[in-house]
Amino acid sequence: MEIIIRADTESATKLAAVLIVHALLAKPHTVLGLATGRTMERLYAFLSETNRENGVDFSLAKTFNLDEYVGIQATHKGSYRHYMNHHFFDKINIDKRNTFLPNGTAEDLSAECAEYEKKIREFGGIDLQLLGIGRDGHIGFNEPLSSLQSRTRVKALTPSTIEQNSPLFENPSEMPRRAITMGVGTILEAKKIICLVTGSSKAEVLAKAVEGPITSMVTASALQLHPKCVVIVDGKSASLLKEKKYYDWIFNNEPEWEPYRANKQQDGITG
Ligand code: F6R
């Protein structure tokens with residue numbers, strides 16, 4: 001795991017976007033694992049901009065989202081399908097037939113989960129998985145005590161997640177109490193992971209996830225097991241990290257990060 005601390009949310013988010021663009025330039029038919037949530041809104045705005053202004057091509061990309069609520073239609077404004085179309089897919093030149101989310105209204109939810117896993121395998125697995133971290137330490141909707149080997153399944157949401165996400169619904173009481181989510185085991189099979197965490201409300205959980213013990217109480221801590229995971233954070237979310245100087249030294253000195261330092265990020269978009 002590597003931790004990259006950028007001064008503010010804007011530069012942390014931009015760096016995550018640049019890394020995704022570079023993965024796409026290197027492999028146009030990249031299979032992306034995608035996340036939703038407030039943190040990702042700006043990231044998708046950056047990526048849409050690279051499509052519009054720099055001609056970055058998404059036409060061959062395939063995407064699998066981490067999760068979807070159970071029991072609401074894709075057309076519902078609170079659904080993650082709606083979120084993805086609105087913030088990203090409608091703004092880029094992706095073929096929507098290549099964008100996948102679990103179907104939270106499937107009659108047989110277990111069969112839907114097994115089918116989702118199968119489809120990911122059929123597409124050759126996820127090349128690059130994008131993640132955020134919830135206030136309760138979840139990745140996807142892998143709430144505390146999720147098995148670190150779990151696969152795609154239905155998960156009941158914690159009160160903390162309901163409190164975090166219900167304001168995103170026009171009528172907060174409409175927020176479903178269950179969701180289909182990729183499992184921690186599914187996520188850890190991605191070839192690379194970028195985790196983006198911003199804001200002071202995430203400082204405590206970020207410190208637990210990256211510097212604390214691996215525990216199913218904080219499923220993001222399982223990212224410590226992944227061989228190619230980059231956690232990009234802003235100054236506020238990094239405020240409780242103990243080894244900040246070490247992380248900064250790596251970013252400022254290791255050759256692989258040279259193109260991404262200081263003001264070179266913008267050049268990085270067009271590679
Ligand atoms: C969303 C997801 C969640 C979010 C997390 C952070 O698809 O899987 O794990 O990434 O809850 O959400 P925000 O960015 O709203 O704080």
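A polar contact is a pair of N or O atoms within 3.5 Å, and the views below apply this term to a predicted model.

**View 1. Polar contacts of the ligand with His138, Arg38 and Gly140**. A polar atom in the side chain of His138 lies 2.7 Å from an oxygen atom of the ligand. The backbone also takes part, since a polar backbone atom of Arg38 is 2.8 Å from a ligand oxygen atom, and a polar backbone atom of Gly140 is likewise 2.8 Å from an oxygen atom of the ligand. On its own the ligand has 410 Å² of accessible area, of which the protein covers 97%.

**View 2. Residues around the ligand**. The ligand is surrounded by 15 residues, and those that come nearest are Thr36, Thr39, Asp67, His138 and Lys202.

**View 3. Packing of helix H2 with helix H3**. Helix H2, residues 38-53, packs with helix H3, residues 80-87, at an angle of about 40 degrees and with the axes 10 Å apart, and the two helices are therefore oblique to each other. From H2, Met40, Glu41, Tyr44 and Ser48 meet Tyr83, Met84 and His87 of H3; the residues of this contact comprise 4 nonpolar, 2 polar and 1 charged.

Technical notes: Residues numbered from 1 in each chain as written. Predicted model: local features only at pLDDT ≥ 70, side-chain atom pairs only at ≥ 80, totals over all residues. Heavy atoms only, no water. Axes fitted to C-alpha atoms, helices over the stretch in contact; angles between N-to-C directions. Helix = DSSP H or I, 4+ residues; strand = E, 2+ residues; numbered from the N terminus. Parallel < 35°, antiparallel > 145°, perpendicular 65-115°, else oblique. Contact = heavy atoms within 4.5 Å. Nonpolar A, V, L, I, M, F, W, Y, C, P; charged D, E, K, R; others polar. Near = heavy atom within 4 Å. Polar contact = N/O pair within 3.5 Å; in protein donor to acceptor, adjacent residues only side chain to side chain. Areas by Shrake-Rupley, 256 points an atom, 1.4 Å probe, with all protein chains shown as cover.
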